[in-house]
Amino acid sequence: MGFTSIRGHQAVRRLLQRAVTHDRLPPCLLFTGPGGVGKRLTAVTLAARINCESRFDRENESAEACGACGACERIGRGVHPDVILIAPEEAGAIKVDTIRAAVAQAGYRPFEGRRRVVIIDEADRMVDQAQNALLKTLEEPPSGSMFLLVTARPHQLLATIRSRCPALRFGGVPVDDIVDLLVTEHGITRAAARAAAVASDGSVSVALEAESDEYLEARDSAAAALQALACARDPKQRLETAKTLVPERRGKKSSPAADRETLRRRLRAMAALLRDLQLVAAEGASSGLAHADLESDMRALARGFDAARSRQGFATVDRALNALSRNASPKVVVDWLALRL
Ligand SMILES: [Zn+2]
């Protein structure tokens with residue numbers, strides 16, 4: 001329940017901890033940044049820190065919610081009367097009635113906590129009427145309540161809402177932090193965790209969503225293809241290698257959409273490998289590699305892929321991924337790619 005259990009976002013965490021310790025939190029904050037990086041978790045953690053029953057020393061900016069008192073326990077279960085979590089309904093929107101009810105509650109003093117915290121997850125899903133209902137409250141914020149708006153699409157909020165809420169921008173979570181989380185909290189092997197983390201674009205939920213074995217498979221497949229292409233001069237040989245990248249159809253689980261996703265994973269893994277190869281080729285350095293565990297394979301590959309070829313290769317894979325997202329046929333994409341890498 002503490003800020004230290006949140007991966008990444010050190011600067012944001014520190015800022016919030018300082019503000020809550022010195023009682024300087026504004027009535028409204030906007031948490032922005034990509035999906036799945038921990039924005040909502042941070043909002044709930046902040047709500048717990050505000051309402052935890054422990055006494056907090058103003059000298060101690062790193063103090064955390066205890067995680068064990070009645071308030072922390074109820075916040076953890078999502079049943080604390082002063083911590084209201086609003087999210088889109090199944091239809092995908094946050095309705096005006098939902099916001100009106102929260103706003104009405106916010107006008108009263110907290111039931112049992114220090115300050116009522118209204119967390120609006122995916123706040124951009126509020127219909128315009130709901131945003132307008134919220135805006136009135138933000139113009140004259142009640143002293144006992146605060147609003148945390150969480151969104152990956154802040155530009156879809158009314159400009160008037162955005163101008164009322166100071167924004168805290170969340171970046172991606174560093175690869176090493178995601179690896180650590182997957183290994184220690186989800187029991188995933190280190191190699192699989194690394195493959196998933198590198199492919200996740202800094203999003204913990206993306207890394208967790210797909211089976212990490214699939215990422216490991218994607219990475220192995222991409223590495224094998226690069227190995228084969230490193231010294232293949234004959235176009236025929238290259239096109240044979242291309243075939244290894246297109247998933248084989250088998251069983252009921254396979255569908256054109258699933259196959260595209262598999263290919264996408266393999267190409268993204270290939271892009272990450274090529275980026276590492278640039279580092280190895282340019283600096284011979286082993287630090288900063290996304291796939292640090294593959295260093296010896298990288299060194300072998302770097303004999304075929306020097307800095308310039310890796311850089312061009314990265315751009316080529318990027319174009320292939322773009323074409324794939326514009327619905328180009330997987331076979332056409334991989335053939336094109338294999339002839340150019
Ligand atoms: Zn507590």
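**Exercise 1.** In this predicted model, determine which residues K39 is in contact with, leaving aside its neighbours within four places in sequence, and decide whether K39 has a salt bridge or none.

*Solution.* Begin with the surroundings: outside that sequence window, K39 is in contact with F31, T32, G33, P34, V150, T151, A152 and F170. Next, place the residue itself, which belongs to helix α2, spanning residues 39-51. Then turn to charge: K39 is buried, and the nearest side chain of opposite charge, that of D121, is 6.7 Å away. A salt bridge requires a side-chain nitrogen of Lys or Arg within 4 Å of a carboxyl oxygen of Asp or Glu, and K39 has none. Finally, look for a polar partner on the backbone: the oxygen of P34 lies 2.7 Å from a polar atom of the K39 side chain.

**Exercise 2.** Two of the contacts of K39, V150 and T151, lead to strand β4 (residues 145-151); establish how many residues of this strand are buried, and which strands pair with β4.

*Solution.* First, consider burial: seven of the seven residues of β4 are buried, so the strand is largely enclosed by the rest of the structure. Second, separate the two faces, since S145, F147, L149 and T151 point one way, whereas M146, L148 and V150 point the other way. Third, identify the pairing: β1 (residues 28-32) runs parallel to β4 over five bridges, with C28 opposite F147, while β3 (residues 116-121) pairs with β4 in the parallel sense over six bridges, I120 having L149 as its bridge partner. Last, trace the connection, in which β3, helix α5 (residues 128-139) and β4 form a right-handed β-α-β unit.

Key:
Residues are numbered from 1 along each chain as its sequence is written. This is a predicted model: local features need pLDDT of at least 70, side-chain atom pairs count only at pLDDT 80 or more; totals for chains, interfaces and linings use all residues. Side-chain values use heavy atoms; hydrogens and water are left out. Helices (H or I, at least four residues) and strands (E, at least two) are DSSP runs, numbered from the N terminus. Buried means under 20% relative accessible area, exposed over 50%, partly exposed in between (1.4 Å probe, protein chains only). Lys and Arg count as positive and Asp and Glu as negative; His and the chain ends are not counted. A polar contact is a pair of N or O atoms within 3.5 Å; within protein, one must be able to donate a hydrogen and the other to accept it, and residues adjacent in sequence count only if both atoms are side-chain atoms. Contact means heavy atoms within 4.5 Å. Two strands pair if DSSP finds at least two bridges between them. A crossover is right-handed if, with the strands pointing away from the viewer, the path from the first strand over the helix to the second runs clockwise.
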